[in-house]
Amino acid sequence: MRIAPGDLADPAVVAFLEEHVVQLRDVTPPGSSHALDLDGLRGPDVRFWSATDDHGHLLGCAALKTLAPDHAELKSMRTATTRTRQGVATALLRHVLAEARATGVARVSLETGSFDFFAPARALYARHGFVECAPFGDYRPDPHSTFMTLVLGP
């Protein structure tokens with residue numbers, strides 16, 4: 001697996017991310033889906049990575065949005081449906097956290113759903129040390145959202 005800065009103009013990446021946004025909006029009540037669309041991912045405060053296999057097939061993606069010099073938000077974590085439970089999300093998460101540390105980020109936070117569809121994501125984040133927290137940034141309390149954070153060590 002290769003993880004590198006993602007190309008947000010690549011048609012495969014565009015289709016993958018559009019499917020991500022559509023799926024999240026389908027399973028999340030109106031007003032509770034906070035997935036970044038392509039324009040949001042292209043913002044100057046967002047770094048985006050994609051994971052590919054040895055043949056260049058897209059396996060997953062993740063993004064990191066800067067909230068403050070020492071605080072960032074994990075966004076757009078997604079694994080290809082044919083590659084779930086194969087370590088793609090773990091590899092992406094580790095990569096993003098290492099990138100965050102390397103740029104001086106002291107804390108990474110995230111928002112994910114609070115219902116069963118998102119249970120695997122919440123379990124992944126908890127395995128990597130994320131703990132539930134209060135809403136951060138521009139988020140407000142929402143019964144459909146779980147907020148989590150991780151203080152990064154050296």
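**View 1. Asp39 and its salt-bridge partner Arg42.** Asp39 has a relative accessibility of 59%, which is over the 50% cut-off, so the residue counts as exposed. In this predicted model, the side chain of Asp39 meets that of Arg42 in a salt bridge, with 3.8 Å from N to O. Arg42 comes out at 45% relative accessibility and therefore counts as partly exposed. What lets two such side chains pair up? Opposite charges can do so when the charged atoms come close.

**View 2. Glu99 and Arg47, a bridge between a helix and a strand.** Here the salt bridge runs between Glu99 and Arg47, and the closest N and O atoms are 3.9 Å apart. This one ties together distant parts of the chain: Glu99 belongs to helix H3 (residues 88-102) and Arg47 to strand E2 (residues 46-52), with the two positions 52 residues apart. As for exposure, Glu99 is partly exposed at 27% relative accessibility, and Arg47 is partly exposed at 27% too.

**View 3. Glu19 and Arg78, another link across the chain.** How far apart are the closest N and O atoms of Glu19 and Arg78? They sit 2.6 Å from each other, and the pair forms a salt bridge. Again distant parts of the chain are joined, with Glu19 in helix H1 (residues 11-27), Arg78 in strand E4 (residues 71-79) and a separation of 59 residues. Is each partner buried or exposed? Glu19 is partly exposed, with 43% relative accessibility. Arg78, on the other hand, has just 8% and so counts as buried, the limit being 20%. Counting over the whole structure gives 4 salt bridges, including the Glu19 and Arg78 pair.

**View 4. Ser76, a residue with positive phi in strand E4.** Stay with strand E4 for this one, since Ser76 is found there. The thing to look at is the backbone: phi of Ser76 is near 55 degrees, a positive value in a residue that isn't glycine. Why does that catch the eye? Because most residues other than glycine have a negative phi. Ser76 has a relative accessibility of 7%, so it counts as buried.

**View 5. Val96 and its contacts from helix H3.** Val96 is found in helix H3, the helix that also holds Glu99 from View 2. Its relative accessibility is 0%, so Val96 counts as buried. Which residues does Val96 touch, leaving aside neighbours within four places in sequence? The list is Trp49, Ala62, Leu64 and Leu74. Further along the chain, Arg107 lies 11 residues from Val96, and the C-alpha atoms of the two are separated by 12 Å.

**View 6. Ser32 and the residues around it.** Ser32 is found in the loop between H1 and helix H2 (38-41). Although it's a loop residue, Ser32 counts as buried, with 6% relative accessibility. Beyond residues up to four places away in sequence, Ser32 touches Glu111, Asp142, His144 and Ser145. Take Ser145: 113 residues separate it from Ser32 in sequence, while the C-alpha atoms are 7.1 Å apart in space.

**View 7. Thr146 in strand E7.** Strand E7 (residues 145-151) is the place of Thr146. With a relative accessible area of 7%, Thr146 is buried. Its contacts, not counting residues up to four places away in sequence, take in Leu110, Glu111, Thr112, Gly113 and Ser114, as well as Arg122 and Glu132. Glu111 turns up in the contacts of Ser32, too.

**View 8. Stepping back to the whole protein.** The close-ups belong to a protein with 4 helices and 7 strands, which run β-α-α-β-β-β-α-β-α-β-β from the N terminus on. For 154 residues, a compact globule would have a radius of gyration near 15 Å, and the protein agrees at 15 Å. Its C-alpha trace spans about 40 × 40 × 30 Å along the principal axes. Of the 154 residues, 46% count as buried. Among contacts with a separation of 6 or more, 60% come from residues 24 or more positions apart. The accessible surface adds up to about 8,000 Å², and carbon and sulfur atoms hold 53% of that. As for charge, there are 15 positive and 18 negative charges, and their mean positions are 6 Å apart.

Definitions and conventions. Residues are numbered from 1 along each chain as its sequence is written. This is a predicted model: local features need pLDDT of at least 70, side-chain atom pairs count only at pLDDT 80 or more; totals for chains, interfaces and linings use all residues. Side-chain values use heavy atoms; hydrogens and water are left out. Buried means under 20% relative accessible area, exposed over 50%, partly exposed in between (1.4 Å probe, protein chains only). The radius of gyration is taken over C-alpha atoms; the globule rule is 2.2 Å times the number of residues to the power 0.38. Contact means heavy atoms within 4.5 Å. Accessible areas come from the Shrake-Rupley method with a 1.4 Å probe; for residues, only the protein chains shown count as cover. Lys and Arg count as positive and Asp and Glu as negative; His and the chain ends are not counted. The place of a charge is taken as NZ of Lys, CZ of Arg, CG of Asp or CD of Glu.
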